[in-house]
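Me: Please take a close look at one part of this protein and then place it in its wider setting. I would like the cut-offs behind each term as you go.

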Amino acid sequence: MASSSSLKPIFSSSLTSSPSPHSPQKPSSLLSFLHSTTSTPISLKLSSNPPHSNSHPRSKSFAVTNVVLKTDTSPETTSVPSNYSQDLGPPLTKPTILVSEKLGEKGLEVLREFGHVECLYDLSPDQLCSKISLCDALIVRSGTKVTRQVFEASNGRLKVVGRAGVGIDNVDLQAATEFGCLVVNAPTANTVAAAEHGIALLAAMARNVAQADASIKAGKWQRNKYVGVSLVGKTLAVMGFGKVGSEVARRAKGLGMNVIAHDPYAPADRARALGVDLVSFDQAIGTADFISLHMPLTPATSKVFNDETFAKMKKGVRIVNVARGGVIDEDALVKALDSGIVAQAALDVFTKEPPPKDSRLVQHENVTVTPHLGASTKEAQEGVAIEIAEAVVGALKGELSATAVNAPMVPPEVLSELSPYVSLAEKLGRLAVQLVAGGSGIKSVKVVYKSARDPDDLDTRLLRAMITKGIIEPISSSFVNLVNADFTAKEKGLRISEERIVVDSSPELPIDSIQVQISNVESKFASGISDNGDISIEGKVKYGTPHLTSVGSFDVDVSLEGNLILCRQVDQPGMIGQVGNILGEHNVNVSFMSVGRTVLRKKAIMAIGVDEKPDKEALKKIGEISAIEEFVFLKL
Ligand SMILES: NC(=O)c1ccc[n+]([C@@H]2O[C@H](COP(=O)([O-])OP(=O)(O)OC[C@H]3O[C@@H](n4cnc5c(N)ncnc54)[C@H](O)[C@@H]3O)[C@@H](O)[C@H]2O)c1
Ligand SMILES: O=C(O)[C@H](O)COP(=O)(O)O
């Protein structure tokens with residue numbers, strides 16, 4: 001079935017926000033295709049011609065949940081050797097796997113059993129590009145930049161990039177996806193190593209180990225100069241209570257420290273189980289003697305430690321960073337060190353790696369540095385090597401990868417029908433999570449699909465994956481897609497339940513509306529809470545584009561594009577004008593406005609679509625309008 005489908009990758013909202021160029025198929029064929037995937041693996045012929053290459057169409061091997069997309073060997077579609085698919089019997093030629101940075105021996109053994117392995121370290125970008133067209137897989141750590149040029153140069157042969165570690169900021173994911181190349185990582189095997197390195201830096205910093213070592217090697221004996229500070233009884237703030245952060249907290253408790261943590265999305269009971277209190281950002285940085293950073297680098301955390309936040313810290317605070325250099329404004333840190341607000345810092349990661357030789361931060365006498373060694377223990381490197389080798393071999397065989405970080409492939413007819421709903425689903429997830437107040441751990445999400453179709457005829461895995469993506473990605477370093485959505489939700493302790501309700505609408509449309517409810521959380525926008533106490537938002541696809549149709553118990557109608565301001569206000573004349581004027585004065589373009597109310601002249605919700613984020617001053621002025629009771633800015 002579907003043997004001649006060409007497949008398109010699902011990778012971002014940008015893809016899903018534009019209509020598919022492929023003509024839609026009848027719903028029944030879409031549904032039968034989706035249902036057939038729930039039991040038996042099926043083969044699909046793929047045309048995954050890289051978009052910017054001149055190569056001929058060629059075949060690929062990929063797994064989408066349990067749809068196994070196997071290599072097609074028909075002469076007219078195959079231009080390079082890729083004849084090791086399982087359904088063809090024993091491989092005729094082994095795949096070539098390039099390892100461009102040092103990988104543990106046990107991982108190499110796993111790779112050698114399956115393919116031809118070449119270890120070539122320290123390749124220049126040009127050397128990598130000229131080698132890559134001969135490779136089916138590439139394994140890297142954080143030092144190799146896997147750029148768009150690499151995918152272009154691969155001429156379509158590269159099928160999988162394996163990142164032996166967590167962070168994949170060195171891989172151009174968008175390009176990988178466009179070129180149909182799967183990217184997998186090894187997210188768990190170096191957690192303990194990173195936590196141990198955090199603790200090592202904490203203790204070394206407190207006792208001036210590095211400085212004293214350098215001094216004695218320079219022939220000095222400076223016992224008075226290097227008097228340190230004790231850890232026991234001091235307060236440590238763990239910023240980001242995920243895998244690494246919670247392991248650091250556990251160890252710091254063992255050292256007799258009082259541990260608090262800030263993580264807007266971590267469940268409080270997981271923290272309590274370790275004897276850790278979850279507190280607000282300001283409380284954490286304002287009370288801590290030591291601060292240890294373990295959050296991902298996301299737009300929300302970029303330079304979150306800056307002049308303003310350093311000024312709120314306790315004078316003499318000490319900071320450890322084994323997360324990502326970009327969460328600190330490094331110039332601001334130098335100033336805070338010079339002024340004594342920050343007594344010491346211990347850094348394993350930098351905005352630019354390696355940092356410039358004359359970096360004032362690196363050279364600062366109160367700073368201890370290591371060259372991104374968090375994951376560098378023998379044990380972690382063996383673990384990571386095995387984890388990544390198994391993931392890469394699995395991907396080359398066409399098996400499902402639980403640690404896939406970019407796109408699976410989905411038939412165009414599925415995309416063409418679900419495309420606007422996929423976009424709606426992601427945006428609703430993204431909006432709902434932004435309504436959650438900091439400090440509330442998200443545990444339970446319910447999705448209600450209303451449709452005229454029989455509930456059994458609605459396969460919601462793709463939509464559920466996109467809602468999961470919308471909820472998780474803004475608050476973590478995880479990348480969520482159809483392959484890894486359920487895995488990631490489970491790993492994060494997020495339970496997503498679904499309900500399908502049959503309504504009297506057009507069966508031509510797969511879905512009438514999608515509602516996302518988040519239970520047992522506080523909201524930063526009280527009107528987002530519905531009568532049953534959950535954060536609740538609902539959306540529909542109208543004229544092919546996603547619309548928000550209700551917030552809490554208010555009806556609204558706004559197209560989900562750009563950004564959104566939601567205001568709850570007294571229902572009275574002139575409100576649109578007042579807010580519109582403020583936005584106009586601050587050069588913010590309004591794309592649409594909609595007002596929904598419960599009772600005439602009582603309460604209303606105004607939803608305003610804006611192209612730009614209003615500055616603080618504009619938001620302050622909106623908040624000062626007396627009839628506005630609360631408002632929130634949401635990024636789509
Ligand atoms: N130095 C190294 O060699 C090394 C090794 C491993 C991991 N890391 C880095 O450490 C960091 C943590 O990795 P992990 O595996 O624990 O990831 P994780 O996803 O398990 O944990 C990250 C946590 O940060 C939280 N978070 C998100 N936004 C936040 C915010 N604004 N404020 C506070 N917390 C926020 C998330 O809720 C999550 O609980 C990542 O940046 C990763 O790249 C570095
Ligand atoms: O993201 C990671 O896993 C760590 O930062 C380790 O990176 P590395 O593999 O380059 O040591």
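What is the relative accessibility of Lys303, and does Lys303 count as buried or exposed, or as something in between?

Reply: Lys303 has a relative accessibility of 45% and therefore counts as partly exposed, a class that lies between buried, under 20% relative accessible area, and exposed, over 50%, with a 1.4 Å probe and protein chains only. Before going further, note that this is a predicted model, in which local features need pLDDT of at least 70 and side-chain atom pairs count only at pLDDT 80 or more, while totals for chains, interfaces and linings use all residues. Residues are numbered from 1 along each chain as its sequence is written, chains are lettered from A and ligands numbered from 1 in the order in which they are written, and side-chain values use heavy atoms, with hydrogens and water left out.

Lys303 belongs to the loop between strand S12 (290-293) and helix H12 (307-311); helices (H or I, at least four residues) and strands (E, at least two) are DSSP runs, numbered from the N terminus. Although Lys303 is not a glycine, its phi is positive, at about 50°. Val304 and Phe305 are among the members of a nonpolar core of 30 residues, together with Leu347 and Phe350, where such a core is a set of buried Ala, Val, Leu, Ile, Met, Phe, Trp, Tyr and Cys residues joined through side-chain atoms within 4.5 Å.

Two other backbone features can be set beside this one. Asn520, likewise not a glycine, has a positive phi near 55° and lies in the loop between S19 and strand S20 (535-542); with a relative accessible area of 71%, Asn520 is exposed. Ser519, by contrast, is part of strand S19 (residues 513-519) and counts as buried at 15% relative accessibility. Leaving out residues up to four places away in sequence, Ser519 touches Ser444 and Asp534, contact meaning heavy atoms within 4.5 Å. The second feature is a cis peptide bond between Glu353 and Pro354, with omega about -5°, and Pro354 sits in the loop between strand S14 (342-347) and helix H14 (360-363).

The core that includes Val304 is separate from the largest one, which has 51 residues, with Val445, Ile514, Ile537, Leu548, Leu564 and Leu566 touching the most other members. Helix H16 (residues 412-434) contributes nine residues to that core, its largest share. Gly470, in helix H17 (residues 461-472), is buried, with a relative accessible area of 0%, and beyond four places in sequence it touches Glu426, Gly429, Arg430 and Val433.

The two ligands complete the picture. Ligand 1 has 26 residues around it, the closest being Lys243, Val244, Asp263, Val322 and Ile475, where a residue is included if one of its heavy atoms lies within 4 Å. By class, this shell holds 12 nonpolar, nine polar and five charged residues; Ala, Val, Leu, Ile, Met, Phe, Trp, Tyr, Cys and Pro count as nonpolar, Asp, Glu, Lys and Arg as charged, and the others, Gly among them, as polar. An oxygen atom of ligand 1 is 2.6 Å from an N or O atom in the side chain of Asp263, and an oxygen atom of ligand 1 lies 3.4 Å from a polar backbone atom of Gly374. Taken alone, ligand 1 exposes 850 Å², of which the protein buries 93%; accessible areas come from the Shrake-Rupley method with a 1.4 Å probe, and for residues only the protein chains shown count as cover.

Around ligand 2 the shell includes Arg141, Arg163, Val166, Gly167, Asn190 and Arg324, and its classes are three nonpolar, five polar and three charged. Oxygen atoms of ligand 2 lie 2.6 Å from a polar backbone atom of Val166, 2.7 Å from a backbone N or O atom of Gly167 and 2.9 Å from an N or O atom in the side chain of Asn190. Ligand 2 exposes 320 Å² when taken alone, and the protein buries 92% of that.

As for the whole protein, there are 20 helices and 26 strands, and buried residues make up 55% of its 636 residues. The protein exposes about 26,900 Å², with carbon and sulfur atoms supplying 52% of it.

Note on methods. A polar contact is a pair of N or O atoms within 3.5 Å; within protein, one must be able to donate a hydrogen and the other to accept it, and residues adjacent in sequence count only if both atoms are side-chain atoms.
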